[in-house]
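Work through these exercises with the model open beside you. Try each task before reading its solution.

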Amino acid sequence: MKYKIIKSTCCEDTSMYEHPVSDSVKEPSILLQIGDNRLIEQAGEISLCSKQNQAIWEKSFYISGQAAKAYISDDRILLLTRTKHYHAWGTLGPAFIINLLDGTLVKKLIGESGVALSGGRFLLGLEGYENFDTWLYDKNGQKIQAWRSYGHYIISKNDDIRILECDRIRPTSSRLVALKLDGQISEISSLNESPSGKPIVLPNSALVFLDCGVLRIFDNHDVEQVNLRLMDIPPDDLARFHWRIDFNEGALDINIYQREKNTPYQCFVHHWIIAIS
(Lines give C-alpha, C1' and ligand atoms only; values in the text may rest on other atoms or scores of the structure.)
Protein backbone atom coordinates (compact mmCIF):
# COMPACT_ATOMS: atom_id res chain seq x y z
CA MET A 1 0.00 0.00 0.00
CA LYS A 2 1.33 3.43 -0.98
CA TYR A 3 0.49 6.80 0.54
CA LYS A 4 1.25 10.46 -0.14
CA ILE A 5 0.60 13.45 2.13
CA ILE A 6 -1.23 16.00 -0.01
CA LYS A 7 -2.01 18.57 2.66
CA SER A 8 -1.02 19.32 6.25
CA THR A 9 -2.36 22.29 8.24
CA CYS A 10 -2.95 23.46 11.81
CA CYS A 11 -5.39 26.14 12.95
CA GLU A 12 -7.52 27.10 15.92
CA ASP A 13 -10.78 25.16 16.17
CA THR A 14 -13.71 27.41 17.08
CA SER A 15 -16.42 24.76 16.73
CA MET A 16 -16.20 23.97 20.45
CA TYR A 17 -17.62 27.45 21.17
CA GLU A 18 -20.71 26.86 19.06
CA HIS A 19 -23.89 25.78 20.82
CA PRO A 20 -26.67 24.29 18.70
CA VAL A 21 -30.15 25.66 19.21
CA SER A 22 -32.64 22.93 20.06
CA ASP A 23 -36.13 22.94 18.61
CA SER A 24 -39.04 23.04 21.02
CA VAL A 25 -40.81 20.32 19.02
CA LYS A 26 -38.82 17.13 18.50
CA GLU A 27 -39.20 15.70 15.01
CA PRO A 28 -39.37 11.93 14.45
CA SER A 29 -35.93 10.33 14.24
CA ILE A 30 -35.24 7.80 11.49
CA LEU A 31 -33.28 4.96 13.09
CA LEU A 32 -33.07 2.65 10.07
CA GLN A 33 -33.99 2.63 6.42
CA ILE A 34 -35.19 -0.89 5.58
CA GLY A 35 -35.90 -1.05 1.87
CA ASP A 36 -38.79 1.35 1.30
CA ASN A 37 -39.70 1.26 4.99
CA ARG A 38 -38.33 3.29 7.88
CA LEU A 39 -37.86 2.52 11.55
CA ILE A 40 -38.88 5.70 13.37
CA GLU A 41 -38.63 6.87 16.98
CA GLN A 42 -40.58 9.74 18.49
CA ALA A 43 -40.97 10.38 22.21
CA GLY A 44 -40.22 6.76 23.12
CA GLU A 45 -42.50 5.25 20.47
CA ILE A 46 -40.79 2.97 17.93
CA SER A 47 -42.70 2.39 14.69
CA LEU A 48 -42.08 0.78 11.34
CA CYS A 49 -43.60 2.90 8.59
CA SER A 50 -43.94 2.59 4.83
CA LYS A 51 -42.77 5.29 2.42
CA GLN A 52 -46.38 6.53 2.46
CA ASN A 53 -45.91 6.97 6.23
CA GLN A 54 -48.38 4.19 7.04
CA ALA A 55 -47.75 2.08 10.15
CA ILE A 56 -46.77 -1.51 9.31
CA TRP A 57 -46.80 -2.95 12.83
CA GLU A 58 -50.20 -3.35 14.47
CA LYS A 59 -48.74 -1.92 17.68
CA SER A 60 -45.75 0.34 18.22
CA PHE A 61 -42.86 -0.71 20.46
CA TYR A 62 -42.49 1.58 23.48
CA ILE A 63 -39.39 2.44 25.51
CA SER A 64 -39.11 4.57 28.64
CA GLY A 65 -36.05 6.51 27.46
CA GLN A 66 -34.91 7.28 23.94
CA ALA A 67 -33.39 5.26 21.13
CA ALA A 68 -29.63 5.53 20.72
CA LYS A 69 -28.82 3.16 17.85
CA ALA A 70 -30.49 0.41 15.84
CA TYR A 71 -29.15 -2.49 13.78
CA ILE A 72 -30.87 -5.00 11.53
CA SER A 73 -30.08 -8.62 10.69
CA ASP A 74 -32.58 -10.70 8.72
CA ASP A 75 -35.93 -10.34 10.52
CA ARG A 76 -34.48 -9.02 13.78
CA ILE A 77 -33.69 -5.52 15.07
CA LEU A 78 -31.25 -4.70 17.84
CA LEU A 79 -32.22 -1.45 19.57
CA LEU A 80 -29.88 0.30 22.01
CA THR A 81 -31.42 2.92 24.28
CA ARG A 82 -30.60 5.74 26.69
CA THR A 83 -32.44 6.64 29.89
CA LYS A 84 -33.81 10.09 30.66
CA HIS A 85 -32.12 10.22 34.03
CA TYR A 86 -28.53 9.67 35.15
CA HIS A 87 -27.79 6.54 37.21
CA ALA A 88 -24.88 4.25 38.15
CA TRP A 89 -24.34 3.37 34.47
CA GLY A 90 -24.70 6.95 33.28
CA THR A 91 -27.60 7.07 30.84
CA LEU A 92 -27.26 3.49 29.61
CA GLY A 93 -30.67 1.98 28.92
CA PRO A 94 -31.78 -1.54 28.04
CA ALA A 95 -31.00 -3.21 24.73
CA PHE A 96 -33.87 -4.92 22.93
CA ILE A 97 -34.02 -7.56 20.21
CA ILE A 98 -37.26 -6.90 18.30
CA ASN A 99 -39.09 -8.97 15.72
CA LEU A 100 -39.02 -6.94 12.50
CA LEU A 101 -42.21 -8.60 11.21
CA ASP A 102 -44.56 -7.48 13.97
CA GLY A 103 -42.61 -5.23 16.36
CA THR A 104 -42.86 -7.59 19.32
CA LEU A 105 -40.13 -8.03 21.92
CA VAL A 106 -37.85 -11.04 21.50
CA LYS A 107 -35.41 -10.34 24.35
CA LYS A 108 -34.45 -7.55 26.75
CA LEU A 109 -30.69 -7.35 27.32
CA ILE A 110 -27.99 -4.94 28.47
CA GLY A 111 -25.28 -3.49 26.28
CA GLU A 112 -23.53 -0.22 25.55
CA SER A 113 -22.56 -0.91 21.94
CA GLY A 114 -23.55 -3.43 19.31
CA VAL A 115 -23.31 -4.57 15.74
CA ALA A 116 -25.20 -6.90 13.42
CA LEU A 117 -23.93 -10.21 12.08
CA SER A 118 -25.78 -12.44 9.60
CA GLY A 119 -28.66 -14.79 10.44
CA GLY A 120 -30.39 -12.53 12.95
CA ARG A 121 -27.35 -12.54 15.25
CA PHE A 122 -25.87 -9.56 17.08
CA LEU A 123 -22.86 -8.62 19.16
CA LEU A 124 -23.45 -6.66 22.34
CA GLY A 125 -20.67 -5.13 24.41
CA LEU A 126 -20.36 -3.55 27.85
CA GLU A 127 -17.45 -1.80 29.56
CA GLY A 128 -17.33 -0.49 33.12
CA TYR A 129 -17.06 -1.68 36.72
CA GLU A 130 -16.02 -5.34 36.28
CA ASN A 131 -17.21 -5.56 32.68
CA PHE A 132 -14.98 -5.57 29.61
CA ASP A 133 -17.09 -7.98 27.61
CA THR A 134 -18.62 -8.83 24.25
CA TRP A 135 -21.47 -11.31 23.87
CA LEU A 136 -22.91 -12.99 20.78
CA TYR A 137 -26.70 -13.50 20.72
CA ASP A 138 -28.78 -15.53 18.28
CA LYS A 139 -32.10 -14.42 16.78
CA ASN A 140 -33.96 -15.70 19.83
CA GLY A 141 -31.85 -13.60 22.18
CA GLN A 142 -29.90 -16.58 23.50
CA LYS A 143 -26.26 -15.97 24.40
CA ILE A 144 -24.14 -18.34 22.33
CA GLN A 145 -20.62 -16.99 22.95
CA ALA A 146 -18.71 -14.53 25.14
CA TRP A 147 -15.29 -12.87 25.00
CA ARG A 148 -13.34 -10.76 27.48
CA SER A 149 -12.86 -7.89 25.04
CA TYR A 150 -14.62 -4.62 24.25
CA GLY A 151 -14.28 -1.70 21.85
CA HIS A 152 -15.01 -0.73 18.26
CA TYR A 153 -16.42 -3.66 16.26
CA ILE A 154 -15.18 -4.28 12.72
CA ILE A 155 -17.16 -6.96 10.87
CA SER A 156 -16.14 -8.43 7.51
CA LYS A 157 -18.49 -9.72 4.82
CA ASN A 158 -17.81 -13.24 6.13
CA ASP A 159 -18.74 -12.25 9.70
CA ASP A 160 -15.09 -12.22 10.79
CA ILE A 161 -14.92 -10.11 13.94
CA ARG A 162 -12.16 -7.69 14.86
CA ILE A 163 -12.18 -5.31 17.82
CA LEU A 164 -10.15 -2.16 18.31
CA GLU A 165 -10.24 -2.34 22.09
CA CYS A 166 -11.10 0.64 24.30
CA ASP A 167 -10.23 0.49 28.00
CA ARG A 168 -9.80 3.08 30.76
CA ILE A 169 -6.48 1.82 32.05
CA ARG A 170 -3.38 4.05 32.16
CA PRO A 171 -1.16 2.94 30.59
CA THR A 172 -3.59 1.25 28.25
CA SER A 173 -3.81 -2.49 27.71
CA SER A 174 -5.88 -2.05 24.53
CA ARG A 175 -5.16 -4.21 21.49
CA LEU A 176 -6.41 -4.89 18.01
CA VAL A 177 -7.81 -8.41 18.26
CA ALA A 178 -9.77 -11.00 16.29
CA LEU A 179 -12.60 -12.86 18.01
CA LYS A 180 -13.03 -16.53 17.16
CA LEU A 181 -16.40 -18.23 17.31
CA ASP A 182 -14.98 -20.86 19.69
CA GLY A 183 -14.45 -18.10 22.28
CA GLN A 184 -10.75 -17.57 21.65
CA ILE A 185 -9.18 -14.12 21.24
CA SER A 186 -6.28 -13.66 18.82
CA GLU A 187 -4.12 -10.56 19.32
CA ILE A 188 -3.19 -8.77 16.09
CA SER A 189 -1.32 -5.82 17.60
CA SER A 190 -0.93 -3.94 20.87
CA LEU A 191 -1.94 -0.26 21.02
CA ASN A 192 -0.35 2.76 22.64
CA GLU A 193 -3.65 4.46 23.39
CA SER A 194 -7.25 3.57 24.04
CA PRO A 195 -8.71 4.99 20.82
CA SER A 196 -10.18 8.49 21.15
CA GLY A 197 -11.80 8.25 17.72
CA LYS A 198 -13.64 5.76 15.55
CA PRO A 199 -11.75 3.55 13.05
CA ILE A 200 -12.87 3.34 9.43
CA VAL A 201 -12.79 0.53 6.89
CA LEU A 202 -11.68 1.27 3.32
CA PRO A 203 -13.38 -0.20 0.23
CA ASN A 204 -10.59 -2.83 0.06
CA SER A 205 -11.47 -3.87 3.68
CA ALA A 206 -8.31 -2.28 5.15
CA LEU A 207 -8.73 -0.99 8.70
CA VAL A 208 -7.57 2.58 9.43
CA PHE A 209 -7.08 4.25 12.81
CA LEU A 210 -4.74 6.52 14.77
CA ASP A 211 -2.62 5.32 17.65
CA CYS A 212 -0.95 8.03 19.71
CA GLY A 213 -0.53 10.26 16.65
CA VAL A 214 0.51 7.39 14.36
CA LEU A 215 -1.56 6.49 11.30
CA ARG A 216 -1.93 2.70 11.20
CA ILE A 217 -3.50 0.68 8.38
CA PHE A 218 -4.07 -3.09 8.51
CA ASP A 219 -5.14 -5.03 5.44
CA ASN A 220 -7.87 -7.68 5.46
CA HIS A 221 -5.23 -10.31 6.33
CA ASP A 222 -4.39 -8.37 9.53
CA VAL A 223 -0.97 -7.32 8.19
CA GLU A 224 0.08 -3.77 8.98
CA GLN A 225 0.65 -1.91 5.71
CA VAL A 226 1.13 1.66 6.97
CA ASN A 227 2.71 2.97 10.18
CA LEU A 228 3.15 6.72 9.74
CA ARG A 229 3.76 9.16 12.58
CA LEU A 230 1.76 12.33 12.00
CA MET A 231 2.53 14.04 15.30
CA ASP A 232 4.10 13.27 18.67
CA ILE A 233 1.54 12.70 21.42
CA PRO A 234 2.94 11.61 24.80
CA PRO A 235 0.98 8.62 26.14
CA ASP A 236 0.51 10.39 29.49
CA ASP A 237 -1.05 13.42 27.74
CA LEU A 238 -3.70 11.68 25.63
CA ALA A 239 -6.65 13.26 27.44
CA ARG A 240 -6.04 16.51 25.53
CA PHE A 241 -6.36 14.86 22.10
CA HIS A 242 -9.04 13.15 20.05
CA TRP A 243 -9.24 12.32 16.37
CA ARG A 244 -11.52 11.75 13.40
CA ILE A 245 -10.83 10.00 10.08
CA ASP A 246 -12.92 10.16 6.90
CA PHE A 247 -12.30 8.71 3.43
CA ASN A 248 -13.26 10.69 0.34
CA GLU A 249 -12.29 10.24 -3.31
CA GLY A 250 -9.35 7.95 -2.61
CA ALA A 251 -7.87 10.06 0.19
CA LEU A 252 -7.92 9.97 3.98
CA ASP A 253 -9.14 13.15 5.66
CA ILE A 254 -7.61 13.17 9.15
CA ASN A 255 -8.19 15.60 12.01
CA ILE A 256 -6.46 15.53 15.39
CA TYR A 257 -8.03 17.93 17.89
CA GLN A 258 -5.73 19.30 20.58
CA ARG A 259 -6.81 21.14 23.73
CA GLU A 260 -4.17 23.48 25.11
CA LYS A 261 -2.83 22.86 28.63
CA ASN A 262 -2.82 26.42 29.92
CA THR A 263 -5.93 27.62 28.08
CA PRO A 264 -8.56 24.87 28.49
CA TYR A 265 -11.07 26.64 26.24
CA GLN A 266 -8.66 26.92 23.32
CA CYS A 267 -8.44 24.05 20.86
CA PHE A 268 -6.39 23.48 17.73
CA VAL A 269 -7.09 21.10 14.88
CA HIS A 270 -4.25 19.41 12.97
CA HIS A 271 -5.43 18.38 9.52
CA TRP A 272 -3.98 16.02 6.90
CA ILE A 273 -5.17 14.80 3.54
CA ILE A 274 -3.37 11.59 2.57
CA ALA A 275 -3.83 9.83 -0.76
CA ILE A 276 -3.94 6.02 -0.56
CA SER A 277 -3.27 3.63 -3.42
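**Exercise 1. Find how strand S10 (residues 113-116) is joined to S11, and in which direction the two run.**

Solution. This is a predicted model.
Step 1: count the bridges. Four of them join S10 to S11.
Step 2: check the direction. The two strands run antiparallel.
Step 3: pick out one pair. Ala116 has Phe122 of S11 as its bridge partner.
Step 4: look at the connection. The hairpin of S10 and S11 has five residues between the strands. Gly119 there takes a positive phi near 70°.

**Exercise 2. Determine how many bridges join S11 to strand S12 (residues 131-137), and describe the turn.**

Solution.
Step 1: count again. Seven bridges join S11 to S12, and the strands run antiparallel.
Step 2: name a pair. Leu123 has Leu136 as its bridge partner in S12.
Step 3: inspect the turn. Two residues lie between S11 and S12 in this hairpin. Tyr129, in the turn, has a positive phi of about 55°.

**Exercise 3. Decide whether the two faces of S11 are covered or open.**

Solution.
Step 1: take the strand as a whole. S11 covers residues 122-128, and seven of its seven residues are buried.
Step 2: split the residues by side. In a regular strand the side chains alternate between the two faces of the sheet. On one side of S11 are Phe122, Leu124, Leu126 and Gly128. On the other are Leu123, Gly125 and Glu127.
Step 3: conclude. Both faces are covered.

**Exercise 4. Identify the residues with the most contacts inside the largest nonpolar core, and the elements that build it.**

Solution.
Step 1: size the core. It has 30 residues. Leu215, Leu252, Ile254 and Ile274 have the most contacts inside it.
Step 2: list the elements giving two or more residues. They are strands S19 (207-211), S20 (214-218), S21 (224-229), S22 (241-248), S23 (251-259) and S24 (267-276).
Step 3: find the top contributor. S19 gives the most, with four residues.
Step 4: follow one residue. Beyond its neighbours within four places in sequence, Ile274 is in contact with residues including Tyr3, Ile5, Leu215, Leu228, Leu252 and Ile254.
Step 5: look for a further core. Another lies apart from this one, with 16 residues, among them Leu31, Ala70, Phe96 and Ile98.

**Exercise 5. Classify Gln266 as buried, partly exposed or exposed.**

Solution.
Step 1: locate Gln266. The residue sits in the loop between S23 and S24.
Step 2: apply the cut-offs. Buried means under 20% relative accessible area, and exposed means over 50%. Gln266 has 24%, so this residue is partly exposed.
Step 3: relate Gln266 to Ala67. They are 199 residues apart along the chain, and their C-alpha atoms are separated by 33 Å.

Definitions and conventions
Residues numbered from 1 in each chain as written. Predicted model: local features only at pLDDT ≥ 70, side-chain atom pairs only at ≥ 80, totals over all residues. Heavy atoms only, no water. Core = buried A, V, L, I, M, F, W, Y, C linked by side-chain atoms within 4.5 Å. Buried < 20%, exposed > 50% of the residue type's maximum accessible area, 1.4 Å probe, protein only. Contact = heavy atoms within 4.5 Å. Pairing = 2+ DSSP bridges.
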